[in-house]
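Please open the model in your viewer and keep the sequence panel beside it, since each stop of this tour begins with a selection and then says what is to be found there.

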Amino acid sequence: MLKYTLRRLLGMIPMLLLISIVVFSLAMFMPGDPLGGEIDPTNSDPEYIEEMREKLGYNDPIHVQYWTWVTNFVQGDFGKSTQYKVQVSELVKSRMLNTLFLGISSIVITYIFAFAMGMTAGRKAYSKLDHFIGGLNYFGLAVPNYIAGVVIIYFFSFKLGWIPFGGSHEIGLQPGTLEYWISRFHHVLAPAIVLGALSTASYTQFLRNDIIESSRKDFVRTARAKGTSESKIYNSHILRNSVIPLITFLGFDIVTIVNGAVITEAIFTYPGIGTLFLNSVNNRDYSVLMTLTMFFSLLVLIGNLVADLLYGIVDPRIRID
Amino acid sequence: MSEHTKENKGPLLEVKNLETAFPIDGEYYNAVDDVSFTVDRGKIVGVVGESGCGKSVMSLSIMHLLPKGIGKIKGGQILLDGKDITNYNDKEMNKIRGKDISMIFQEPMTALNPVFTIGFQLEEVLFNHFKISKKEARQKSISLLRSVGISRSEDVVEEYPHQLSGGMRQRVMIAMAIACQPQLLIADEPTTALDVTVQAQILDLLKEVQSINDMAIVLITHDLGVVAEMCDDVIVMYAGEIVEKTSVEELFENPKHPYTEKLIDSIPKMGVKQDRLGSIPGIVPSLKNMPRVGCKFADRCPRAMPECTTITPLLGEVKDGHEVSCILYDESRPKERANA
Ligand SMILES: Nc1ncnc2c1ncn2[C@@H]1O[C@H](COP(=O)(O)OP(=O)(O)OP(=O)(O)O)[C@@H](O)[C@H]1O
Ligand SMILES: [Mg+2]
């Protein structure tokens, strides 16, 4: 397992290099350059600008620029945000923690709902309850998250005042206190549900179908022939089989959440890397954009690795070595 | 260990006029049609017949293991040790399944749950029926595995089904089935999916556990050769019905039904075994196309007469303990019976 993980991690290096070239080229081809943010905007003396260009390395040959960027990047120096005038690493760190909190909340909520609904629907297949859950799911699949987000904000924030409009917590709370965490959770709840809605719906449906399929398997008949109770058959024999593919989705969730966070965070004005990304696009904050893009790519690769590793852990038929 | 005492002098299993039906296009069709037989304690009863003649449906009916919401027991009675279990619900059945009556299936490759260890699955049946500790259950399952001829049983309890061969898995299934020392084991083609050499070993094992535990077996098979080796009595089924019923010796010496004759003819000679009976022309009619009147075998029968499609034969005793359902024998003709 360890060897396999190491091998996979090593295998990511050429992949990441390739991605870095693409990211770098895209940044190069995009209109404008971030120079505007680095120099004194009141000074338009061409000599001053030329001097700054030289100083910041914009006149170096492309491969040198690339190499400088890469070597700095792997050493943890992601450059400076032209928009916020702080180190990108600083900027990303605080935003990252917010997104992480959102992501984990979303995954937990997704799995709780998916398991509860999927198991019920699967066991009571074709019943009224099953159809009701199925209906909910199609709703979850069909409604785009930006619409769901807006509707939720309208009703629950604007009309009812149950949830905050945005932000990650009340201002002025001492981090680490209970109130602080309650406030954080309060703020993250709506975006987490919206962010997880698609996954919840598809996992519920997946689990339901898998349970129905498994319930027709021979091993279920064997369990019945042993005198095993119906609830134990569902909660242990069938569920254990259906959980395997579901657990491996966790790896892909990482990808889905990073992607979904961009829109969901923007709607709920939640200060995570998603909003940061959009802001950076709007403001041509290249160092932030490049860092985040690299970061998203890395997450995709890691997500896939996690999925494969989880498979090996939860399914005894698959041995990873 | 079993609660059932030998007080009840009657047969262990008594099936009376069992009818099991499946819905096709909203209408129920009988896959098992008016089947009656008994199994005595400690005896092995063979059930033979071609594919699709209702052997599995019959045994699943006895176990109440028909696919839920699809198969239905429409009529008849099932008595186990004198108790009528026909209308038992799941909860009542779970008390006796695995304990008084067990079943093993044709496909050992899929019959075990792929994500649980052998030990877990074996111990489950013990936990279902006895109050024992984890440690006791583990010891018991190791010794059970050893008793079915698995030598590395300490290791095997920790292993998963995919690590075992088909023959090993069927041994595990047998260990599971005999764990609570049931009085009756239903074995639905336990060797069909296995290699020939392994088949013989599994049959030997069944015979061995049968005599040690003094249990009765209903052995379902395609293979009359197996019947000859293993069984005391035989039931020959065709299209959901019993067409002949007698002791093994009598069946081979004195087969009465043309279908039985055909089956015996089709046993490969010279020791070459084949597991499917391929040599009777035609196939068992599907449930929907089953003739309602007359003998269901008539269109494939080499000795068919015009009457065969108009007179529905009944099981009649042509000789002591030898019943047959074919109008070649007067005992099977409904009219004569009524007159007698
Ligand atoms: N779930 C089901 N739904 C509908 N019809 C069924 C179902 N199971 C069995 N049947 C029908 O019942 C009849 C008897 O099938 P059964 O499986 O008992 O045959 P069998 O004698 O066990 O055959 P085999 O030797 O192939 O195992 C067949 O006509 C089959 O099509
Ligand atoms: Mg069968």
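## Strand pairs early in chain B

Begin with A21(B), which stands opposite K72(B) in β4(B). The model is a predicted one. Widen the selection to both strands, and you have β1(B) and β4(B), which pair in the antiparallel sense over seven bridges.

Next select residues 13-24 of chain B, which are strand β1, together with residues 27-39, which are strand β2; the two run antiparallel and are joined by nine bridges. Within this pairing, E14(B) has T38(B) in β2(B) as its bridge partner. Follow the chain from one strand to the other, and you pass through a hairpin with two residues between β1(B) and β2(B), where D25(B) in the turn has a positive phi of about 50°.

## The eight-stranded sheet of chain B

Now colour the strands of the open sheet in chain B, where eight strands follow one another in the order β6-β7-β8-β3-β9-β10-β12-β11 with mixed pairing. At the edges stand β6 (101-104) and β11 (316-319) of chain B, each with a single partner strand, so that one side of each has no neighbour in the sheet. On average, and with direction ignored, neighbouring strands of this sheet are turned by 20° against each other.

For a closer view of one pairing, select residues 233-238 of chain B, strand β9, and residues 241-247, strand β10, which run antiparallel and are joined by six bridges. Here the bridge partner of I235(B) is K245(B), a residue of β10(B).

Then add the helices that pack on the sheet, including α7(B), which touches β6 and β7 (184-188) of chain B and has a direction that makes about 170° with that of β6(B). Helix α8 of chain B, residues 196-213, also packs on the sheet, touching β3 (44-48), β6, β7 and β8 (216-221) of chain B, and its direction makes about 160° with that of β8(B).

## Across to chain A

Show chain A next, in which you will find twelve helices and zero strands. Its C-alpha atoms fill a box of roughly 90 × 55 × 35 Å, taken along the principal axes.

Which residues of the two chains should be selected where they touch? The contact takes 28 residues from chain B and 19 residues from chain A. Between the two chains an area of about 2,100 Å² is buried, of which carbon and sulfur atoms give 56%. The polar contacts between chain B and chain A comprise 17 residue pairs, with both residues at pLDDT 80 or more. On the side of chain B that touches chain A, at least two residues are supplied by each of α1 (55-63), α2 (90-96), α3 (108-111), α4 (118-129) and α7 (166-178) of chain B. The largest share of that side, six residues, comes from α4(B). Colour the same side by residue class, and it divides into 15 nonpolar, eight polar and five charged residues.

## A last stop at one salt bridge

The whole structure holds 24 salt bridges over all chains, and the count between chain B and chain A is three. To see one of them, select K68(B) and E230(A), whose side chains meet in a salt bridge at 4.0 Å, N to O. Why does this pair join two chains? K68(B) lies in the loop between α1 and β4 (72-80) of chain B, whereas E230(A) lies in helix α10 (residues 230-267) of chain A, so the pair links one chain to the other.

Methods
Residues are numbered from 1 along each chain as its sequence is written. Chains are lettered from A and ligands numbered from 1 in the order in which they are written. This is a predicted model: local features need pLDDT of at least 70, side-chain atom pairs count only at pLDDT 80 or more; totals for chains, interfaces and linings use all residues. Side-chain values use heavy atoms; hydrogens and water are left out. Contact means heavy atoms within 4.5 Å. Buried area is the accessible area (1.4 Å probe) that two parts lose on being put together, summed over both. A polar contact is a pair of N or O atoms within 3.5 Å; within protein, one must be able to donate a hydrogen and the other to accept it, and residues adjacent in sequence count only if both atoms are side-chain atoms. Helices (H or I, at least four residues) and strands (E, at least two) are DSSP runs, numbered from the N terminus. Ala, Val, Leu, Ile, Met, Phe, Trp, Tyr, Cys and Pro count as nonpolar, Asp, Glu, Lys and Arg as charged, and the others, Gly among them, as polar. Two strands pair if DSSP finds at least two bridges between them. Axes are lines fitted to C-alpha atoms, for helices over the stretch in contact, and angles run from 0 to 180 degrees between N-to-C directions.
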